[in-house]
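Biologist: I should like to request a close look at a single part of this model, followed by an account of its surroundings.

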Amino acid sequence: MLLDRQRVRFWQRWIFGIMALLMASFLIFGYSGVLTSCRGKQSSGQGPNGADQELKDLKSQLAAKPKDYSLIQQLAVLYVSRAGGDDQNSPAQKADYTAAAGYYQQYLKVRAKARGVVAERAREQVMLQLGQIYGNVGDYSKAKAVYTKLTELKPNNPEYFLALGSTAVTAQDTTTAMLAFSRYLQLAPNGSDAQAIRAWIKQQTASQTPPQPSASASP
């Protein structure tokens, strides 16, 4: 497909971007010990499941403080970290990503009414993580819903429209992809993805245009 290589580059860029956002969230909330702890357990030979006890402890703390959003996000981050150590596309990885998504959804619910730049930015980061997770497990319908919400929150951010369009292409939702990519081109006409997107739109438009009768055809 025309955009296959473009989507690979896109998702590579977003994976690194998500990791950067994850590190930023640690700075905001002071969670830097979570992944450090996970890495320490893995390096000691316990493997990707070495976080089991930490997950159990966090869940116990959350049961006592169900509105503690810091605990909720720590659980989500820990599940994402563990999923990264699972076999690719394995049931264990899908289960860990699904658990992480559940905690991120819980975080968004608990923090839905929080105000201020820091709180809004944190919700945005969580939504980015959530969209990435849904893409990882192949739930493109939910991924599209997340990216649609992000485009509503940040209507002038071309990257969110690029994410929505790319996800829609993967989900074979041409209508949504066309709308998202058209908006992306309005916001970033000279963006690094613009040329490939224009080619894709041209291809889709051509395939949807009914053939015209030749001039020599009888009336």
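Is aspartate 96 buried or exposed, and what is its relative accessible area? Please describe its setting as well.

Modeller: The model is a predicted one. In it, aspartate 96 has a relative accessible area of 4%, and because buried means under 20%, this residue is buried. Aspartate 96 belongs to helix H5, which spans residues 91–110. Its side chain is joined to that of arginine 82 by a polar contact of 2.8 Å. If neighbours within four places in sequence are left aside, the residues in contact with aspartate 96 are Tyr79, Arg82, Ala83 and Asp86.

Helix H5 also takes part in the largest nonpolar core, as one of the elements that give two or more residues to it; the others are H3, H4 (69–85), H6 (117–136), H7 (140–153) and H8 (158–170). This core has 35 residues, and Tyr103, Tyr104, Leu130, Ile133 and Leu150 have the most contacts inside it. The greatest share comes from H4, with 9 residues. Another core, of 14 residues, lies apart from this one and includes Leu162, Phe181, Ala188 and Ile197.

Among the contributing elements, H3 can be described further. Helix H3 comprises 13 residues, 52–64, and reaches 19 Å from its first C-alpha to its last, close to the expected 18 Å. Its buried residues are Glu54, Leu55, Leu58 and Leu62. These lie on the same side of H3, because they cover an arc of only 100 degrees around the axis. Lys56, Ala63 and Ala64, on the other side of H3, are exposed.

Note on methods. Residues are numbered from 1 along each chain as its sequence is written. This is a predicted model: local features need pLDDT of at least 70, side-chain atom pairs count only at pLDDT 80 or more; totals for chains, interfaces and linings use all residues. Side-chain values use heavy atoms; hydrogens and water are left out. Helices (H or I, at least four residues) and strands (E, at least two) are DSSP runs, numbered from the N terminus. The expected span of a helix is 1.5 Å times one less than its number of residues. Buried means under 20% relative accessible area, exposed over 50%, partly exposed in between (1.4 Å probe, protein chains only). The arc is that of the directions from the helix axis to the C-beta atoms. A polar contact is a pair of N or O atoms within 3.5 Å; within protein, one must be able to donate a hydrogen and the other to accept it, and residues adjacent in sequence count only if both atoms are side-chain atoms. Contact means heavy atoms within 4.5 Å. A nonpolar core is a set of buried Ala, Val, Leu, Ile, Met, Phe, Trp, Tyr and Cys residues joined through side-chain atoms within 4.5 Å.
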